[in-house]
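Trainee: I would like to go through this model one piece at a time. Can we look at it together first?

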Amino acid sequence: IGKEVIHFDTIGSTNDYAKEIAGDSIDGTIVVSEEQTKGRGRRGKEWHSIKGDGIWLSIILKPDIYPHKAPFITQIAGASIVKSLRNLGIDASIKWPNDIIVNNKKVSGILTELGAEIDQINYIVLGIGMNVKTMNFPEEINSIATSIFKEGYDVKRIDILKNILEEFEKLYLDYTERNDKSSCIKICKESSAILGKKIYIINGDKKRKVKCIDINEEGNLVIINEDNDIEELISGEVSIRGE
Ligand code: BTN
């Protein structure tokens, strides 16, 4: 990871750029920018990416895996982000599978995009956004978004970035070379913001209230549903809200 690094002062979206060059890039190529003018979040939302305020990063991955295995790459990203923040003394947790939380607010999100053919993946663009120095958020997200600085931690962007890449590389190789998910799942469980709690699961326009009881050895979220049955959720299929 990071043998090839492409750095911009400003760009539309590092994910868009990464997708453009993915075909000709090597596995682990990194695209970072100081600013994004068209940063994208999940579900078509905008992602505010002010100059110098955060980490706006995309990693081009070319693992030899099938599309159904791709969601776990997102979980690996989440685990490596939370682990790196904890390494730096920041009390962060994961709202399975995509969001990283500090003091109940979101500091970091992940946008994974695939270039896939019938049953083989050509590439994965893993987009990571982290608010590091941001002090002012737009009105509509102010109550749910935060930054590392805003929560009282004075940590350099470069130290966070280095940590994320190191932690990511370990877990990525565990998974892609040894099919070993265990370290990632251990981190996801230890640092979970939702285990043992009641949450809302949103799927299309359906909303259900359930209780999270485990993240199993596949990395799926195990819940007790509204009928008191045990159910497994695969990441990438649902969206989760706190109670
Ligand atoms: C989310 O939580 O909605 C995902 C946010 C992902 C943002 C990052 S910033 C770098 C990369 N480029 C983008 O346009 N989006 C991702």
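**Helices, ligand and loops**

Trainee: Which exposed residues are carried by the face of α4 turned away from its buried side?
Mentor: This is a predicted model, so local features need pLDDT of at least 70, side-chain atom pairs count only at pLDDT 80 or more, and totals for chains, interfaces and linings use all residues. Residues are numbered from 1 along each chain as its sequence is written, and side-chain values use heavy atoms, without hydrogens and water. Buried means under 20% relative accessible area, exposed over 50%, and partly exposed in between, with a 1.4 Å probe and protein chains only. On α4, the face turned away from the buried side carries the exposed Lys-186 and Glu-190.

Trainee: How wide is the arc that the buried residues of α4 cover around the axis?
Mentor: Elements are DSSP runs numbered from the N terminus: helices are H or I with at least four residues, strands E with at least two. In helix α4, residues 182-190, the buried ones are Cys-184, Ile-185, Ile-187 and Cys-188. They lie on the same side of α4 because the arc, taken from the directions from the helix axis to the C-beta atoms, is only 160 degrees.

Trainee: Why do residues three or four places apart in an α-helix point the same way?
Mentor: The reason is how many residues make up a turn. Residues three or four places apart point the same way because the number of residues a turn is 3.6.

Trainee: Which elements do the buried residues of α4 pack against?
Mentor: Packing is judged by contact, which means heavy atoms within 4.5 Å. By that test, the buried residues of α4 have two helices and two strands as partners: α2 (70-87), β4 (92-95), α3 (157-178) and β9 (206-215).

Trainee: Within what arc do the buried residues of α1 fall?
Mentor: The buried residues of α1 are Thr-14, Asn-15, Ala-18 and Ile-21. They line one face of the helix because, seen down the axis, they fall within 135 degrees.

Trainee: How close does a side-chain oxygen of Ser-13 reach to the backbone nitrogen of Asn-15?
Mentor: A polar contact is a pair of N or O atoms within 3.5 Å; within protein, one must be able to donate a hydrogen and the other to accept it, and residues adjacent in sequence count only if both atoms are side-chain atoms. At the start of α1, this pair comes to within 3.2 Å.

Trainee: Which residue has a polar side-chain atom 2.6 Å from an oxygen atom of the ligand?
Mentor: The ligand is surrounded by 20 residues, counting those with a heavy atom within 4 Å. Gln-36 has a polar side-chain atom 2.9 Å from a nitrogen atom of the ligand, and Arg-42 has a backbone N or O atom 2.7 Å from a ligand oxygen. The 2.6 Å distance belongs to Lys-106.

Trainee: How much of the ligand's accessible area does the protein cover?
Mentor: Accessible areas come from the Shrake-Rupley method with a 1.4 Å probe; for residues, only the protein chains shown count as cover. On its own the ligand has 420 Å². Of this, the protein covers 98%.

Trainee: Which element gives the largest share of the shell around the ligand?
Mentor: The elements that give two or more residues to the shell include α1 (14-21) and β3 (54-61). The largest share is 4 residues, and its source is β6.

Trainee: Is Ser-191 buried or exposed?
Mentor: Ser-191 sits in the loop between α4 and β8 (198-203). Not counting residues up to four places away in sequence, Ser-191 touches Val-82, Arg-86, Ala-92, Ser-93 and Ile-94. At 3% relative accessibility, Ser-191 counts as buried.

Trainee: What is the relative accessibility of Asp-154?
Mentor: Asp-154 is in the loop between β7 and α3. Asp-154 and Val-132 are 22 residues apart in sequence and 9.0 Å apart in space, C-alpha to C-alpha. Asp-154 counts as exposed, at 68%.

Trainee: What is the omega of the peptide bond from Trp-96 to Pro-97?
Mentor: Pro-97 is in the loop between β4 and β5 (99-102). The bond from Trp-96 to Pro-97 is cis, with omega near -5 degrees.

Trainee: In which loop is Asn-179 found?
Mentor: Asn-179 is not a glycine, yet has a positive phi of about 50 degrees. At 48% relative accessibility, Asn-179 is partly exposed. The loop is the one between α3 and α4.
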